[in-house]
Amino acid sequence: MCDTCGCGDPESLVTIRKPGENESIMDHNRGCDDHRHEEKHAEEATHCHCHEHEGEHGHGHNHHNDHHHDHDHQHQNHHGHEHPHEHLHDHDHDHDHDHAHSQGQSRTITLEQNVLLKNNLLAERNRGYFVAKNLFVLNLVSSPGSGKTTLLERTITDLKSDQMISVIEGDQQTLQDANRIDATGAPVVQINTGTGCHLDADMIQRAIKELNPPDGSLVCIENVGNLVCPALFDLGEAHKVVIISVTEGDDKPIKYPNMFAESDVCIINKIDLLPYVDFDVERCVTYARQVNRDLKFFQISAKTGDGLKDWYQWLKTEAGTSV
Amino acid sequence: MHEMSLALNIIELAEQAARDANATSITAIEIDVGEIAGVMLDALEFSLSVATRSTLAEEAKLTLHLIPGSAKCKDCGRTFHLSERWAVCPLCGGLSFDILAGKELTIKSIDIE
Ligand SMILES: Nc1nc2c(ncn2[C@@H]2O[C@H](COP(=O)(O)OP(=O)(O)O)[C@@H](O)[C@H]2O)c(=O)[nH]1
Ligand SMILES: [Mg+2]
Ligand SMILES: [Zn+2]
């Protein structure tokens with residue numbers, strides 16, 4: 001519990017810990033700063049708009065039941081997302097408070113500031129730290145279950161003799177994935193984001209200090225399973241690596257274009273299952289290239305080991321050159 | 001949902017600027033959201049209405065401008081509307097283009113008193 005503000009709902013806190021540690025080690029060491037509040041307030045929005053409920057995005061505002069502001073939402077053209085090109089589309093929230101704003105002199109301040117400025121600055125700070133320590137850092141993103149953890153387990157084990165790898169695991173709850181990495185013998189730190197559906201640069205800054213990887217080594221960050229939100233949050237990594245498995249739709253690159261546009265590498269996993277599914281690798285690659293011409297592809301099975309040689313080669317070359 | 005993180009960032013930036021200007025309240029916030037910025041307007045609006053609670057911006061009028069995406073084709077040099085991150089040039093079928101607009105995620109201005 002936080003003494004200052006009482007924002008102590010454990011589910012809403014970001015925690016950072018290592019396997020074997022039950023209590024979170026970094027919970028409140030930052031005191032009751034705004035970050036804590038962010039998590040708390042984010043919790044109030046109990047539903048998430050950003051997971052992959054395809055076709056469920058057409059909601060109005062009326063089911064936000066804990067939204068007890070009496071705003072007079074006047075959404076003209078509320079559903080303009082389907083045809084936004086003809087016009088600039090002002091969503092005016094006319095908050096219908098009859099307050100006497102009038103007596104103070106109102107002034108306009110021009111900001112022109114990127115909303116993600118804070119995260120971007122922290123990410124650049126991380127990047128500087130990684131460069132200073134010669135760390136090669138990858139940010140692995142995918143839908144839940146595409147095989148991020150399995151690929152990491154396999155990669156760590158196969159490269160054990162010549163490449164030191166440590167891992168930052170991101171998940172909303174549980175130490176599950178960290179325990180799986182721990183079993184391979186690699187150093188690992190788990191970030192639990194609570195209700196947050198992506199890692200941000202601040203969490204990585206805290207986790208990397210806890211992980212304290214040796215200079216010149218490779219660090220893999222497994223992001224929260226989600227193809228939407230992590231696309232916006234730079235962590236300071238060298239590359240985003242997006243993983244898609246053949247049990248998913250081969251049109252995912254155009255359904256989640258921002259993630260594929262932000263990534264440098266696309267791993268197509270579970271190719272051992274290709275005979276049993278409709279996934280068309282060529283089509284997937286074509287779609288992905290429409291979003292990102294420079295994307296580099298690996299077709300692998302993290303289970304059978306098929307295709308991993310090229311991936312390992314890429315890792316060694318990249319880690320060697322950029323480190 | 002990342003819209004909540006964005007909303008909190010927006011309010012934080014707005015409050016910071018308002019405090020720097022010794023303001024006691026924020027009466028309006030204007031935000032540009034690009035059509036292909038990867039942000040859902042509905043979700044951002046809702047998040048902002050939550051994020052403004054108990055802040056200087058509690059009663060601020062929030063205006064979100066959707067900035068249309070536009071791109072310049074590298075093959076034919078013409079400019080076209082880009083409603084998705086992936087597209088082919090509707091004029092020549094070209095696949096590569098430079099994005100001119102649509103990725104904005106900018107807090108434009110605030111009104112304070
Ligand atoms: N058949 C097959 N299954 C796989 C492969 N890679 C991962 N899986 C399985 O997919 C499931 C999810 O994998 P996991 O690594 O936990 O996915 P994550 O959520 O992205 O970390 C597990 O049951 C894995 O055993 C693969 O290449 N082939
Ligand atoms: Mg996992
Ligand atoms: Zn063209």
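I count a residue as buried under 20% relative accessible area, as exposed over 50%, and as partly exposed in between. I am working on a predicted model.

**Entry 1: Lys18(A)**

I looked up Lys18(A) first. Its relative accessibility is 27%, so Lys18(A) falls in the partly exposed class. I then traced where Lys18(A) sits in chain A. Lys18(A) belongs to the loop that links β1 (15-17) to α1 (34-44). Which residues does Lys18(A) touch, leaving out those up to four places away in sequence? I found Leu175(A), Val188(A), Val189(A) and Glu210(A). I also checked Glu169(A), which is 151 residues from Lys18(A) along the chain. The C-alpha atoms of Lys18(A) and Glu169(A) are 9.8 Å apart.

**Entry 2: positive phi values**

Next I looked at backbone angles in chain A. Asn134(A) is not a glycine, yet its phi is positive, at about 60 degrees. I placed Asn134(A) in the loop between α2 (117-132) and β5 (136-142). Is Asn134(A) buried or partly exposed? I noted a relative accessibility of 35% for Asn134(A), so this residue counts as partly exposed.

Asn212(A) also went into the notebook. Its phi is near 45 degrees, again a positive value in a residue other than glycine. Asn212(A) lies in the loop that runs between α5 (201-211) and β8 (218-222) of chain A.

**Entry 3: aromatic rings**

I searched the whole structure for aromatic pairs. The search gave 6 over all chains. I took up the pair Trp311(A) and Trp314(A): the ring centres are 5.7 Å apart and the planes meet at 15 degrees, so I log the pair as stacked. The cut-off for stacked is planes under 30 degrees apart.

Where do Trp311(A) and Trp314(A) lie in chain A? Both are in helix α9 (residues 308-322). They are 3 residues apart, about one turn of the helix. I checked how covered each one is. Trp311(A) has 2% relative accessibility, so it counts as buried. Trp314(A) has a relative accessible area of 9%, so it is buried too. I then followed the rings outward. Phe136(A) and Phe298(A) join Trp311(A) and Trp314(A) in one aromatic cluster.

**Entry 4: chain A overall**

I stepped back to chain A as a whole. I counted 9 helices and 11 strands. Of its 323 residues, 51% are buried. I looked at contacts with a separation of 6 or more, and 71% of those in chain A join residues 24 or more positions apart. The accessible surface of chain A is about 14800 Å², and carbon and sulfur atoms hold 46% of it.

**Entry 5: chain B**

I turned to chain B. It has 2 helices and 6 strands. Read from the N terminus, the order is α-β-α-β-β-β-β-β. I noted a radius of gyration of 17 Å for chain B, where a compact globule of 113 residues would have one near 13 Å. The C-alpha trace of chain B spans about 55 × 25 × 15 Å along its principal axes.

How much of chain B is buried? I found 64% of its 113 residues in that class. For contacts in chain B with a separation of 6 or more, residues 24 or more positions apart account for 70%. The accessible surface of chain B is about 3800 Å², with 47% on carbon and sulfur atoms.

Last, I checked charge. Chain B carries 9 positive and 17 negative side chains. I logged 9 Å between the centres of the two sets.

Methods:
Residues numbered from 1 in each chain as written. Chains lettered and ligands numbered in written order. Predicted model: local features only at pLDDT ≥ 70, side-chain atom pairs only at ≥ 80, totals over all residues. Heavy atoms only, no water. Helix = DSSP H or I, 4+ residues; strand = E, 2+ residues; numbered from the N terminus. Rg over C-alpha atoms; globule rule 2.2 N^0.38 Å. Buried < 20%, exposed > 50% of the residue type's maximum accessible area, 1.4 Å probe, protein only. Contact = heavy atoms within 4.5 Å. Areas by Shrake-Rupley, 256 points an atom, 1.4 Å probe, with all protein chains shown as cover. Lys, Arg positive; Asp, Glu negative; His and termini not counted. Charge placed at Lys NZ, Arg CZ, Asp CG, Glu CD. Phe/Tyr/Trp six-rings, centres within 6.5 Å; stacked < 30°, edge-to-face > 60°.
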